[in-house]
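Work through the following exercises with the sequence and the coordinates at hand. Each task is followed by a solution in steps.

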Amino acid sequence: MRAYGKIILFGEHVVVYGYPALAAALCAGVECQISKKSSETNSKNIILDFPQLKFKVTQNDSGTIADALRIILNSIPLPHKPCEIIVRSEIPFRAGLGSSAALAVALSKTILSIHEQNWELSRINELAYLIEQIFHGTPSGIDNTVANYGGLCLVADTSKYQLPDFVTQKIFLPKMTAGLLPKFSSAISLIVVNTGKDRDTKKVVEQVRILYQNNPSYYESVFSEIGSFAIKGYQLLQSQKYQEFGELLNLNHQNLQKLNVSCPELDKAWQDARDAGAIGAKLTGAGGGGCLIAFAPNKEKEVMEQLKNKGWNCFLSQIS
Ligand code: PMV
């Protein structure tokens, strides 16, 4: 079973406070594969094997992944079937591309299928949100929703912000509402630059909370400006106003700098991407390291080549 990674185009961090954010699923994600069924294993446990991390964990261990596994098992009112599951990620862990949410969704779907549980997507989303709470503390729900449903998704607290009429489906999350959006008329390519700098979403979200609590009126004004980008950004892409879309990415990055969630590596990548010809770029996800997205319509290859020559690790991703 697979689940998608994601990029946040606009609105990370402010979505935690209910402001709108726009995210898109990546083709790449996390895959869970049953390597030994109950009839083929001597173990009484559910064993998760992460070959890329050279790490195995069972439901009896300590740590966040074992906690996640227990949450899934506790949601199934049946005797648990032992098995072995290989977990492989096509996206880097802890890089702002939603790997934990993709793991939560892919693992939930796999364990539910082993126990012959045929759940609706909305219920799987609720389960994945509980797991995201273990990983991130106070998640908005945007990551697990995109990991679960794919496509393009707008998330906001609809007691404060209305979702636009063109939303095709509403998904109710514990604190927010997500709206799935129509695809773009033509596929959009974005360059994803991985700074390779490790970061922890929970810590970065907490740092923003402390800043906000110390100066709520200033940060509320920054949040509100960032919050105005998501719907506007979607409409700019839909109407192929690429120059303005790129400039909005830059403006979002500059506003994220005010929240102190960028870092020298992300700022260097931001500068290098624009020097190489990208119209716009911004960090994506919690920041503090991780990834940057750059928009360079019709010259992606040249821009990527220049970025690679400067030593950046990057790949091209399509959203639609
Ligand atoms: O860095 P990631 O992929 O975990 O994304 C976090 C996005 C935040 O807006 C910072 C937090 C959230 O829960 O929405």
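**Exercise 1.** Determine whether glutamate 206 is buried, partly exposed or exposed, and identify its salt-bridge partner.

*Solution.*
Step 1. In this predicted model, glutamate 206 has a relative accessibility of 39%. Buried requires a value under 20% and exposed a value over 50%, so glutamate 206 counts as partly exposed.
Step 2. The partner is arginine 209, and the closest N and O atoms of the two residues are 4.0 Å apart. A salt bridge calls for a side-chain nitrogen within 4 Å of a carboxyl oxygen.
Step 3. Both residues belong to helix α5, where a spacing of three residues separates them by about one helical turn.
Step 4. Arginine 209, at 22% relative accessibility, is likewise to be classed as partly exposed.

**Exercise 2.** Describe how helix α5 packs against helix α6.

*Solution.*
Step 1. Two packed helices are described by the angle between their axes and by the distance between those axes.
Step 2. Helix α5 covers residues 201-214 and helix α6 covers residues 216-227. Their axes lie 5 Å apart and form an angle of about 125°.
Step 3. Angles from 65 to 115 degrees count as roughly perpendicular and those over 145 as roughly antiparallel; α5 and α6 are therefore oblique to each other.
Step 4. On the α5 side, the contact is made by Val208, Leu211, Tyr212, Gln213 and Asn214; on the α6 side, by Pro216, Tyr219, Glu220 and Phe223. Sorted by class, this contact has six nonpolar, two polar and one charged residues.

**Exercise 3.** Characterise the surroundings of valine 208.

*Solution.*
Step 1. Valine 208 is a residue of helix α5, and with a relative accessibility of 2% it counts as buried.
Step 2. When neighbours within four places in sequence are left aside, the contacts of valine 208 are His13, Tyr17, Phe223, Leu259 and Val261.
Step 3. The C-alpha atoms of valine 208 and asparagine 260 are 7.6 Å apart in space, although 52 residues separate the two in sequence.

**Exercise 4.** State how many salt bridges the whole structure holds, and examine which parts of the chain are tied together by the pairs of arginine 2 and of lysine 6.

*Solution.*
Step 1. Side chains of opposite charge can pair when their charged atoms come close. A search of the whole structure gives eleven salt bridges.
Step 2. One of them joins arginine 2 to glutamate 90, with an N to O distance of 2.3 Å. Arginine 2 is in strand β1 (residues 2-10) and glutamate 90 in the loop between β5 and α2, so this pair ties together parts 88 residues apart in sequence. Glutamate 90 is partly exposed at 45% relative accessible area, and arginine 2 is partly exposed at 34%.
Step 3. Another salt bridge brings lysine 6 and aspartate 143 together, N to O, at 3.2 Å. Lysine 6 lies in strand β1 and aspartate 143 in helix α4 (residues 142-149), so the parts tied together are 137 residues apart in sequence. Lysine 6 is buried at 2% relative accessibility, and aspartate 143 is buried at 14%.
Step 4. Salt bridges also link Lys268, Asp272 and Lys310 in a network.

**Exercise 5.** Establish how many disulfides the structure holds, and account for the state of cysteine 27 and cysteine 291.

*Solution.*
Step 1. The number of disulfides is zero.
Step 2. Cysteine 27 takes part in no disulfide, since a pair must have its sulfur atoms within 2.5 Å and the nearest cysteine sulfur, that of cysteine 291, is 15 Å away.
Step 3. For cysteine 291, the closest cysteine sulfur is in cysteine 314, at 10 Å, which is too far for a bond.
Step 4. Cysteine 27 is exposed, with a relative accessible area of 59%, whereas cysteine 291 is buried, with 0%.

**Exercise 6.** Classify threonine 110 and glutamine 240 by accessibility, and list their contacts beyond four places in sequence.

*Solution.*
Step 1. Threonine 110 is found in helix α2 and is buried at 1% relative accessibility. Its contacts are Met1, Cys32, Ile34 and Ile85.
Step 2. Glutamine 240 sits in the loop between α7 and α8 and is partly exposed, with a relative accessible area of 42%. Glutamine 240 touches Ser185 and Ser186.
Step 3. From glutamine 240 to serine 186, the C-alpha to C-alpha distance is 8.7 Å, with their positions 54 residues apart in sequence.

Key:
Residues numbered from 1 in each chain as written. Predicted model: local features only at pLDDT ≥ 70, side-chain atom pairs only at ≥ 80, totals over all residues. Heavy atoms only, no water. Axes fitted to C-alpha atoms, helices over the stretch in contact; angles between N-to-C directions. Helix = DSSP H or I, 4+ residues; strand = E, 2+ residues; numbered from the N terminus. Parallel < 35°, antiparallel > 145°, perpendicular 65-115°, else oblique. Contact = heavy atoms within 4.5 Å. Nonpolar A, V, L, I, M, F, W, Y, C, P; charged D, E, K, R; others polar. Buried < 20%, exposed > 50% of the residue type's maximum accessible area, 1.4 Å probe, protein only.
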